[in-house]
Amino acid sequence: MKKGETFGKEFLIPFGGEKLGKHEHRFEITKSFFESGLVQEELDIIESHVHLDFVLDKQSAMLNLHFDFSGSITIPCDRCNAPLNLPIESSDTLFAKFSLGGFETTDDVITIPDSDSHIDIGSYAHEFLWLALPMRRVHEEGDCDPTVIQKLKELEPDKEENTDPRWDALKNLK
């Protein structure tokens, strides 16, 4: 994401004038969140009903950012391309340290300039949601579209074993 781009003003969280302690925010993440055009998606989101409970815990030298996701995302099945409803239950924490420079950013620690008074959590919410999705997105066995499964079986290569005779001798070594 380029500097200045955002997933929406609702994800721009002020902390500059806030007192020390916890500040809670609730978000509804819908399909439009993924259609923002800021990030090129690897797969189509058919529908999204995800609740994000976000807690900003402001401390004197840092912010604790806690993300709790619950809901579901509907995407195409990797096997049959029919809609697949995936439940989302995820909890992630990110730490933001104030700095003029010098801190290294890691997977769970970011640095923000001392002069900033807002933090844009949209890109972090997006990243955590993608990490909550399984790598292989398929229906349970037997739930896929039967016409597609039948066509896949028809197109499956023959199981004839054409092996090189030079390698057959290795099968006898045990």
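## Phe-11 and its stacked partner

Phe-11 is buried, at 2% relative accessibility. The cut-off for buried is under 20% relative accessible area. Phe-27 falls under it too, at 8% relative accessibility. The model is a predicted one.

Eight aromatic pairs turn up in a search of the whole structure. Phe-11 and Phe-27 form a stacked pair, because their ring centres are 4.8 Å apart and their planes meet at 20 degrees. Planes under 30 degrees apart count as stacked. Distant parts of the chain are linked by this pair. Phe-11 sits in the segment before strand S1 (12-14), and Phe-27 in strand S2. The two residues are 16 apart in sequence.

## An edge-to-face pair between helices

How are the rings of Phe-34 and Trp-130 arranged, stacked or edge-to-face? Their centres lie 6.1 Å apart and their planes are at 75 degrees, so the pair is edge-to-face. Phe-34 belongs to helix H1 (residues 31-34), and Trp-130 to helix H2 (residues 122-132). The pair therefore ties together parts that are 96 residues apart in sequence. Phe-34 and Trp-130 are both buried.

One aromatic cluster takes in both pairs. Its members are Phe-11, Phe-27, Phe-33, Phe-34 and Trp-130.

## The five-stranded sheet

Five strands make an open sheet in the order S2-S3-S4-S5-S6. Its pairing is mixed. S2 and strand S6 (109-113) are the edge strands, each pairing on one side only. From one strand to the next, the twist averages 20 degrees.

Strand S2 (residues 21-29) runs antiparallel to strand S3 (residues 47-58), with nine bridges between them. Here His-25 stands opposite Phe-54 of S3. S3 also pairs with strand S4 (residues 62-76), again in the antiparallel sense, over twelve bridges. Lys-58 has Leu-63 in S4 as its bridge partner. A hairpin through three residues connects S3 to S4. S4 then runs antiparallel to strand S5 (residues 83-99), joined by 15 bridges. Across this pairing, Ile-75 is bridged to Leu-84 in S5.

## Helix H2 on the sheet

H2 packs on the sheet and touches S2, S3, S4, S5 and S6. The direction of H2 makes about 50 degrees with that of S4.

Which residues of H2 are buried? They are Gly-122, Ala-125, His-126, Phe-128, Leu-129 and Trp-130. Their cover includes strands S2, S3, S4 and S5. H1 and strand S7 (118-120) are also among the elements covering them. Trp-130 thus appears twice in this account: as a buried residue of H2 and as a member of the aromatic cluster.

## Two single residues

Ser-99 lies in strand S5. Its relative accessible area is 7%, so Ser-99 is buried. Leaving out residues up to four places away in sequence, Ser-99 touches Thr-111, Ile-112, Pro-113 and Asp-114. Of these, Thr-111, Ile-112 and Pro-113 fall within the residue range of strand S6 (109-113).

Is Thr-163 buried or partly exposed? Thr-163 is partly exposed, because its relative accessibility is 37%. The loop between helix H3 (146-155) and helix H4 (165-171) holds Thr-163. Not counting residues up to four places away in sequence, Thr-163 touches Asp-168 and Lys-171.

## The chain as a whole

The protein chain has four helices and seven strands. From the N terminus on, its elements run β-β-α-β-β-β-β-β-α-α-α.

Of the 174 residues in the protein chain, 34% are buried. Contacts often span long stretches of sequence: among those between residues at least 6 apart, 61% join residues at least 24 apart. The accessible surface of the protein chain comes to about 11,800 Å². Carbon and sulfur atoms account for 50% of that surface.

Definitions and conventions:
Residues numbered from 1 in each chain as written. Predicted model: local features only at pLDDT ≥ 70, side-chain atom pairs only at ≥ 80, totals over all residues. Heavy atoms only, no water. Pairing = 2+ DSSP bridges. Phe/Tyr/Trp six-rings, centres within 6.5 Å; stacked < 30°, edge-to-face > 60°. Buried < 20%, exposed > 50% of the residue type's maximum accessible area, 1.4 Å probe, protein only. Axes fitted to C-alpha atoms, helices over the stretch in contact; angles between N-to-C directions. Contact = heavy atoms within 4.5 Å. Areas by Shrake-Rupley, 256 points an atom, 1.4 Å probe, with all protein chains shown as cover.
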